[in-house]
Amino acid sequence: MEEHHVFLLQGSNKKNRKEYLNQSLILISKKIGKVIKKSSYFESEAWNMKNSPSFYNRALYVKTSHSPISLLENILNIEFLIGRKKNHTGEYEDREIDIDILFYDHIIIYSSILTIPHPLLHMRKFVLEPMCEISPNKSHPIFNLTLLEILGVCTDKLNVKKLLN
């Protein structure tokens, strides 16, 4: 079985945020693959959401044998098991858990159900800060810049702070 290198971002802004991140980490280990590295917890204001609690986020580096679509299906299943109910309005909402695929190997995918690398990661400090903690020299396959370089030019003004575990 071929092993793929995947970076994920976990996020939660409901109730016990750390507990939701930890529950999803256990399920990711069981259903997706071996978690090689995880960032610290980071707290940030809700991006593009008004009057919402702050988020806890954590970046993960995972080795998996799943294809990109199978990976997405497993992530959606994990989110469902933890209690996330997706709205169909397209608007951002509070959530128990959100797991985004940031990178899958060094490939680029544009489809109606999946875009890799994540199309907004370069605009979001809450993604870049935890990613730079675990893989600052990771190269973005579209921009050909490292994540640290992208963070250096990111215009996102939202407050992101590293939490003590």
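**Ring contacts, helix α1 and backbone outliers in a predicted model**

Colleague: Over the face of which ring does Arg-17 lie?

Modeller: In this predicted model, Arg-17 is placed over the face of an aromatic side chain, at 3.8 Å from the ring centre. Arg-17 is also among the buried residues of α1. The ring beneath Arg-17 belongs to Tyr-56.

Colleague: How far apart are the end C-alpha atoms of α1?

Modeller: Helix α1 has 15 residues, and at 1.5 Å a residue these should span 21 Å, a value with which the model agrees. The distance between the end C-alpha atoms is 21 Å.

Colleague: Which elements do the buried residues of α1 pack against?

Modeller: The residues of α1 that are buried are Arg-17, Tyr-20, Leu-21, Ser-24, Leu-25, Leu-27 and Ile-28. Residues three or four places apart in an α-helix point the same way, because there are 3.6 residues a turn. The packing partners of the buried residues in α1 are β1, β2 (33-38), β3 (42-44), β4 (55-64), α2 (68-82) and β5.

Colleague: What is the angle between the planes of Phe-7 and Tyr-61?

Modeller: The structure holds two aromatic pairs. One of them joins Phe-7 and Tyr-61, whose ring centres are 4.9 Å apart and which count as stacked, since stacking requires planes under 30 degrees apart. This pair links strand β1, which holds Phe-7, to strand β4, which holds Tyr-61, across 54 residues. The angle between the two planes is 15 degrees.

Colleague: Why is the pair of Phe-7 and Phe-103 edge-to-face, and which residues make up the cluster that ring pairs form?

Modeller: The centres of Phe-7 and Phe-103 lie 6.3 Å apart with their planes at 90 degrees, so this pair is edge-to-face. Because Phe-7 is in strand β1 and Phe-103 in strand β5, the pair ties together parts 96 residues apart in sequence. Both Phe-7 and Phe-103 are buried, and Lys-138 lies over the face of Phe-103 at 4.8 Å from the ring centre. The cluster linked by ring pairs consists of Phe-7, Tyr-61 and Phe-103.

Colleague: Is Lys-15 buried or exposed?

Modeller: Lys-15 is not a glycine, yet its phi is positive, at about 45 degrees, and Lys-15 sits in the loop between β1 (4-12) and α1 (17-31). Its relative accessibility is 72%, so Lys-15 counts as exposed.

Colleague: Which residue follows Ile-116 across a cis peptide bond?

Modeller: The peptide bond that begins at Ile-116 is cis, with omega near 0 degrees. The residue on its other side is found in the loop between β7 (115-116) and α3 (125-134), and that residue is Pro-117.

Definitions and conventions: Residues numbered from 1 in each chain as written. Predicted model: local features only at pLDDT ≥ 70, side-chain atom pairs only at ≥ 80, totals over all residues. Heavy atoms only, no water. Helix = DSSP H or I, 4+ residues; strand = E, 2+ residues; numbered from the N terminus. Buried < 20%, exposed > 50% of the residue type's maximum accessible area, 1.4 Å probe, protein only. Expected span 1.5 Å × (residues − 1). Contact = heavy atoms within 4.5 Å. Phe/Tyr/Trp six-rings, centres within 6.5 Å; stacked < 30°, edge-to-face > 60°. Lys NZ or Arg CZ within 6 Å of the ring centre and 35° of its normal.
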